[in-house]
Amino acid sequence: MTTATRHFADLSTAEIGDALHPDSILILPTGAIEPHGPHLPLRTDLVMAEAVTAAAHARAVAAGQDVWLLPPLAYTKSDEHTNLPGAMWLRADTLMRTVVDLGRSIAATPARRLLFVNCHGGNSALLEVALRELRRRFDLQTFLYAAPARPGPTEAGFGIHAGWAETSMMLHLRPDLVNMSAAKPAVPHTIQANSHIGFGKPVRFGWLADDFAESGVIGDPTAATAEIGAELFTTTVTALTEAIPEIATFDPGRVHRKRAPREDPADRNSSP
């Protein structure tokens, strides 16, 4: 049996039934292909999602956890970058349909636990909705680990895209893809004084990446270093690894009853 790597796609169809069990955790990295300023590559979020997930997966396997790594989702909801060259984005309903179809496919295997590891903030709200959608339709136990935003010392709390943290992580993971000579700060000080409207404040707002700077950067990458990136990477991997044993045994508190996937009226109407 091809179980040494614990990569789902390495299994043959004949091995699925023996390799997977109801408490097996399938882990799906989600990233993006989108602009990250002039100093970072389009695949920054995908690089981070794959690296964090692979490291946590390897640690969990070594610890005896029944975890399986799925191929990542690269093209996702990045429409906030639509005005910038290089954005490869799916509509929200397209991504939701994709995730639902993947859930339906997972429900056809013995596995019943699915963990998304997301490193693109634009996916987070949709994936939270998807957790319940997959739970309701296919009786899957669904989870989302979203890498937390970590604003840097010069970002006034606004380091959410291509700033200090992401640039540091990329300097650690793929320094060959980083051009620090092109890194420029773009902190949205115009909304800094707001008490109610803003990132992480009670009143949210619709925004596009180039609302704040033509580069699409929201933060200050100039103080980024590989050493900071290594520290951030280790912290993220450790947090995810420590969550996996809880995910493996999580029970919402009801008496478990096996429910077969059912057809939803929305499926017949081709809606997500």
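Modeller: Let's fix one term before we start: a polar contact is a pair of N or O atoms within 3.5 Å, where one must be able to donate a hydrogen and the other to accept it. Keep in mind, too, that this is a predicted model.

Colleague: Fine. With which side chain does the side chain of Ser124 make a polar contact?
Modeller: Ser124 sits in helix α4, residues 121-138. Leaving out neighbours within four places in sequence, Ser124 is in contact with Leu144, Ala146 and Asn118. The polar contact, at 3.2 Å between side chains, is with Asn118.

Colleague: And is Ser124 buried or exposed?
Modeller: The cut-off for buried is under 20% relative accessible area. Ser124 has 17%, so Ser124 counts as buried.

Colleague: Let's zoom out. What pattern does the protein follow along the sequence?
Modeller: There are seven helices and four strands to place. Going along the sequence, the order is α-β-α-β-α-β-α-β-α-α-α.

Colleague: What radius of gyration does the protein have, next to that of a compact globule?
Modeller: The C-alpha trace spans about 55 × 40 × 35 Å along the principal axes. For 272 residues, a compact globule would come out near 19 Å, and the protein agrees with that because its radius of gyration is 20 Å.

Colleague: What share of the contacts with a separation of 6 or more comes from residues 24 or more positions apart?
Modeller: Contact here means heavy atoms within 4.5 Å. Among the contacts with a separation of 6 or more, the share from residues 24 or more positions apart is 76%.

Colleague: How much of the exposed area do carbon and sulfur atoms supply?
Modeller: On the inside, buried residues make up 46% of the 272 residues. On the outside, the protein exposes about 13000 Å², and the part supplied by carbon and sulfur atoms is 56%.

Colleague: How far apart are the mean positions of the positive and negative charges?
Modeller: The protein carries 24 positive and 30 negative charges. Take the mean position of each set, and the two are apart by 8 Å.

Colleague: On to strand β1. Which residue, 88 residues apart from Ile25 along the chain, has its C-alpha separated from that of Ile25 by 4.8 Å?
Modeller: Ile25 lies in β1, residues 25-30, and is buried at 1% relative accessible area. Its contacts beyond four places in sequence include Asp66, Val67, Trp68, Leu115, Ile244, Ile247 and Ala248. The residue at 4.8 Å, C-alpha to C-alpha, is Arg113.

Colleague: Now helix α6. Which residue's backbone oxygen does the side chain of Thr241 reach at 2.7 Å?
Modeller: Thr241 is in α6, residues 226-249, and counts as buried because its relative accessible area is 17%. Setting aside residues within four places in sequence, Thr241 is in contact with Ala56, Arg59 and Ala60. The backbone oxygen at 2.7 Å belongs to Val237.

Colleague: What about the loop between β4 and α5: which side chain makes a polar contact with the side chain of Arg150?
Modeller: Arg150 lies in that loop and is partly exposed at 21% relative accessible area. Not counting residues up to four places away, Arg150 touches Glu155, Trp164, Ala165, Leu232, Thr235 and Thr236. The side-chain polar contact, at 3.1 Å, is with Thr236.

Colleague: What separates the C-alpha atoms of Val178 and Arg150?
Modeller: Val178 has its place in the loop between α5 (164-173) and α6, and is buried at 15% relative accessibility. Among the residues Val178 touches are His39, Leu40 and Met170. Val178 and Arg150 are 28 residues apart along the chain, and their C-alpha atoms are separated by 19 Å.

Colleague: What is the C-alpha to C-alpha distance of Arg150 and Gly219?
Modeller: Along the sequence, Arg150 and Gly219 are 69 residues apart. In space, C-alpha to C-alpha, they are apart by 10 Å.

Colleague: Last one: what is the positive phi of Ala162, which is not a glycine?
Modeller: Ala156, in the loop between β4 (141-146) and α5, has a positive phi near 50° and is partly exposed at 36%. Ala162 lies in the loop between β4 and α5 as well, and is buried at 0% relative accessible area. The phi of Ala162 is about 60°.

Terms used:
Residues numbered from 1 in each chain as written. Predicted model: local features only at pLDDT ≥ 70, side-chain atom pairs only at ≥ 80, totals over all residues. Heavy atoms only, no water. Helix = DSSP H or I, 4+ residues; strand = E, 2+ residues; numbered from the N terminus. Rg over C-alpha atoms; globule rule 2.2 N^0.38 Å. Buried < 20%, exposed > 50% of the residue type's maximum accessible area, 1.4 Å probe, protein only. Areas by Shrake-Rupley, 256 points an atom, 1.4 Å probe, with all protein chains shown as cover. Lys, Arg positive; Asp, Glu negative; His and termini not counted. Charge placed at Lys NZ, Arg CZ, Asp CG, Glu CD.
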